[in-house]
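Hi,

Here is the structure I promised to pass on. Have a look at it first, and then read my notes underneath.

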Amino acid sequence: MKPAPIWQYNEMKPCGVDYTDVEEVAAYDTMHRKFRDYTKSSEEIIRTLGIGSESIVIDMGAGTGAFALHASKRCRTIYAVDISAPMLEYCRQQAEMQGLSNIVFCQGGLLTYEHVGEPADAIVCVAVLHHLPDFWKMVALKRCHAMLKPGGRLGLFDIVFPPWDENSEAKIDNLIKACGVMADARLAQEAVIHVRDEFSTYDWIMEGVIKRSGFRIDAAEYGDGFQTTYICTRE
Ligand SMILES: C[S@@+](CC[C@H](N)C(=O)[O-])C[C@H]1O[C@@H](n2cnc3c(N)ncnc32)[C@H](O)[C@@H]1O
């Protein structure tokens, strides 16, 4: 493997919320289960991306396994990739408790994970790409492109902003308040950190980066609270 250039972005150094902190990892799952239905959202992703029992899937930034644990029951092999060892360990323990044996755990990230197995049918990336500055988002997506079979699918789910206008400040305040109501004060604080310190970007930048990385955007949904979904195909 070619060594990374000295100017490569260090994705292992946490920006914003520190998911390498063991205490943060334990709190993450409890907090997210307050406002997410993992089974329902995973089934929706599986259906939309056309994942089936023979599919090879990569969950990029798998975290505690919100998608990977459920998807493992619906596909041949799933690679749970994350820069955080405590996140992967949490996911591994859950997999063990549930008797799931087709998850391959890989410590690495969007810029460093080397996929050596069969090319993937699908890559899923939920709330992860915003950890990279825009320049590096394209590097990351081109790497994902290379890991997929021709025609392979990419599901990107993240916070993405519409163009800044006179209502943006109020909308961001409302997003933070909504996080407090949906879950708790900790999630509200994470939303503050997200906007202030992480790299969620504008919708037109995301669309440009996705297309120029070699993907066709089949569907782009801009939901309330800046939650965005891009369903894409490797061209
Ligand atoms: C907000 S959590 C999302 C976790 C999971 N996808 C979910 O839906 O709950 C972000 C995850 O991305 C991981 N992460 C951050 N930067 C990353 C990178 N460059 N490559 C891969 N994973 C990364 C973090 O360690 C963390 O587990």
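Below is what I found, starting with the ligand and moving on to the strands.

Keep in mind that this is a predicted model.

The ligand first. It has 19 residues around it, and the ones that come nearest are Glu11, Tyr28, Gly61, Asp82 and Val126. That shell divides into eleven nonpolar, five polar and three charged residues. As for polar contacts, a side-chain N or O atom of glutamate 11 sits 2.7 Å from a nitrogen atom of the ligand. Glycine 61 uses its backbone instead, with an N or O atom 2.7 Å from a ligand nitrogen. Leucine 110 also has a backbone N or O atom by a ligand nitrogen, at 3.0 Å. On its own the ligand would expose 590 Å², and the protein buries 97% of that.

Now to strand E2, residues 77-82. Six of its six residues are buried. Thr77, Tyr79 and Val81 point one way, while Ile78, Ala80 and Asp82 point the other way. Asp82 is also one of the residues that come nearest to the ligand, so to speak a link between the two halves of this email.

E2 has parallel partners in E1 and E3. With E1 (residues 56-60) there are five bridges, and isoleucine 56 has threonine 77 of E2 as its bridge partner. With E3 (residues 103-107) there are five bridges too, and here valine 81 stands opposite cysteine 106. Finally, E2, helix H4 (residues 85-97) and E3 make up a right-handed β-α-β unit.

Cheers

How values were computed: Residues are numbered from 1 along each chain as its sequence is written. This is a predicted model: local features need pLDDT of at least 70, side-chain atom pairs count only at pLDDT 80 or more; totals for chains, interfaces and linings use all residues. Side-chain values use heavy atoms; hydrogens and water are left out. A residue is near a molecule or strand if one of its heavy atoms lies within 4 Å of it. A polar contact is a pair of N or O atoms within 3.5 Å; within protein, one must be able to donate a hydrogen and the other to accept it, and residues adjacent in sequence count only if both atoms are side-chain atoms. Accessible areas come from the Shrake-Rupley method with a 1.4 Å probe; for residues, only the protein chains shown count as cover. Ala, Val, Leu, Ile, Met, Phe, Trp, Tyr, Cys and Pro count as nonpolar, Asp, Glu, Lys and Arg as charged, and the others, Gly among them, as polar. Buried means under 20% relative accessible area, exposed over 50%, partly exposed in between (1.4 Å probe, protein chains only). Helices (H or I, at least four residues) and strands (E, at least two) are DSSP runs, numbered from the N terminus. Two strands pair if DSSP finds at least two bridges between them. A crossover is right-handed if, with the strands pointing away from the viewer, the path from the first strand over the helix to the second runs clockwise.
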